[in-house]
Amino acid sequence: MFEEAELLELFQRTLACDYDDDDAWEAVNALRASGARQVFDKAAEWLRSENPLERARAADILGQIGVGPGKKHAFPAEACDLLLTLLLNESHARAAASALVALGHIEDPRALPPIYRFVAHEDPVLRHAVAFALGCFAKDSAALPGLMVLMSDTDEDVRDWATFSLGVWGDLDSARVREALARRLGDDFDNVRLEAIAGLAKRNDKRVLPALIETLDATRGAPDAKLAEAACLMLGLRREPRHWKGPDYALALRHQFGCDAAPVWQ
């Protein structure tokens with residue numbers, strides 16, 4: 001429980017500077033961690049504010065109130081109800097994006113239809129929030145169509161999160177999923193290609209080999225953790241060999257699979 005003055009001071013701190021301010025997020029996290037009904041009630045009050053930043057901060061708090069190590073959301077159904085009401089009536093992009101992310105954290109299936117309303121929104125900030133929100137449902141086939149659309153988004157950060165969500169965060173596996181991941185092996189954004197490699201390796205799909213070998217060959221020193229994990233998965237190794245560099249993994253893959261095939265996107 002907070003004293004009233006302390007509670008108000010923390011809520012005001014969430015409005016400090018711009019949305020990404022570290023001190024503001026420190027206050028958000030402190031309010032979330034409490035899991036207190038008084039915090040929930042104050043955030044619910046802010047959802048009705050005329051200030052869009054207050055509405056956004058309220059959504060940020062409600063999305064993970066009470067969540068912590070070994071602790072689940074304190075008021076999931078109530079928070080979902082409030083956030084759905086906000087989202088369906090929200091016209092400000094920042095507040096809507098916060099509501100989308102919050103609904104993703106809560107993972108209530110009732111949120112999926114409203115989330116889908118924003119898949120093709122003109123604002124990439126909102127589409128990125130949708131990619132995150134659908135990623136929270138990445139084990140649910142209902143999220144698959146939206147994630148596949150966003151994997152081809154014009155915004156690289158949206159593609160990146162959608163590809164990570166489907167390929168790495170989620171466990172869905174089908175010909176459609178693998179085809180979608182294989183198409184992203186030729187993406188012009190390095191992070192998207194890396195997520196596609198990780199996702200295909202997780203599914204032991206050999207189409208990943210040319211891109212994986214090429215990327216490892218170009219790596220100086222120890223490879224990125226995701227690349228090393230992808231290589232180990234394809235090689236059937238339980239742990240990363242000590243002191244191996246990127247070309248060492250590439251050589252082992254060539255030896256095991258006898259491949260120098262052209263990349264699948266060519």
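**Figure 1. Asn204 and its positive phi in a loop.** With a relative accessible area of 44%, Asn204 is partly exposed in this predicted model. Follow the chain here and you will find Asn204 in the loop between helix H12 (190-202) and helix H13 (209-217). Although Asn204 is not a glycine, its phi is positive, at about 55°.

**Figure 2. His243, another loop residue with a positive phi.** The loop between helix H14 (225-235) and helix H15 (246-257) holds His243. Phi of this residue is near 70°, a positive value in a residue other than glycine. Is His243 buried or exposed? Its relative accessibility is 67%, so His243 counts as exposed.

**Figure 3. The salt bridge between Arg55 and Glu90.** Here the side chains of Arg55 and Glu90 meet, with 2.8 Å from N to O. This pair links distant parts of the chain: Arg55 belongs to helix H4 (residues 52-63), while Glu90 sits in the loop between H5 and helix H6 (93-106), 35 residues apart. Take a look at the surroundings of both partners too, as Arg55 is buried and so is Glu90.

**Figure 4. The salt bridge between Arg37 and Glu78.** In this view, a salt bridge joins the side chains of Arg37 and Glu78 at 3.0 Å, N to O. Which helices does the pair link? Arg37 is in helix H3 (residues 37-46) and Glu78 in helix H5 (residues 76-89), distant parts of the chain that put the two 41 residues apart. Arg37 has a relative accessible area of 35% and is therefore partly exposed. Glu78, at 36% relative accessibility, likewise counts as partly exposed.

**Figure 5. The salt bridge between Glu26 and Arg13.** The closest N and O atoms of Glu26 and Arg13 are 3.3 Å apart in this salt bridge. The pair connects helix H2 (residues 22-34), home of Glu26, with helix H1 (residues 4-13), where Arg13 is found; the two residues are 13 positions apart and link distant parts of the chain.

**Figure 6. A network of salt bridges.** Which residues are linked in this network? The members are Asp173, Arg178, Glu179, Asp205 and Arg207. For context, a search of the whole structure finds 22 salt bridges. Across the chain there are 31 positive and 43 negative side chains, and the centres of these two sets lie 7 Å apart.

**Figure 7. Leu53 and its surroundings.** Leu53 has its place in helix H4. With a relative accessible area of 22%, Leu53 is partly exposed; the cut-off for buried is under 20%, so this residue does not count as buried. Setting aside neighbours within four places in sequence, Leu53 is in contact with Leu15 and Tyr19. Ala95 is also worth finding in this view: Leu53 and Ala95 are 42 residues apart in sequence, yet 6.6 Å apart in space, C-alpha to C-alpha.

**Figure 8. The whole chain, for orientation.** To place the close-ups, step back to the chain with its 15 helices and 0 strands. The C-alpha trace spans about 65 × 35 × 30 Å along its principal axes. Of the 266 residues, 51% count as buried. Among contacts with a separation of 6 or more, 60% come from residues 24 or more positions apart. The accessible surface of the chain comes to about 13,100 Å², with 51% of that area belonging to carbon and sulfur atoms.

Key
Residues numbered from 1 in each chain as written. Predicted model: local features only at pLDDT ≥ 70, side-chain atom pairs only at ≥ 80, totals over all residues. Heavy atoms only, no water. Salt bridge = Lys/Arg side-chain N within 4 Å of Asp/Glu carboxyl O. Helix = DSSP H or I, 4+ residues; strand = E, 2+ residues; numbered from the N terminus. Buried < 20%, exposed > 50% of the residue type's maximum accessible area, 1.4 Å probe, protein only. Contact = heavy atoms within 4.5 Å. Areas by Shrake-Rupley, 256 points an atom, 1.4 Å probe, with all protein chains shown as cover. Lys, Arg positive; Asp, Glu negative; His and termini not counted. Charge placed at Lys NZ, Arg CZ, Asp CG, Glu CD.
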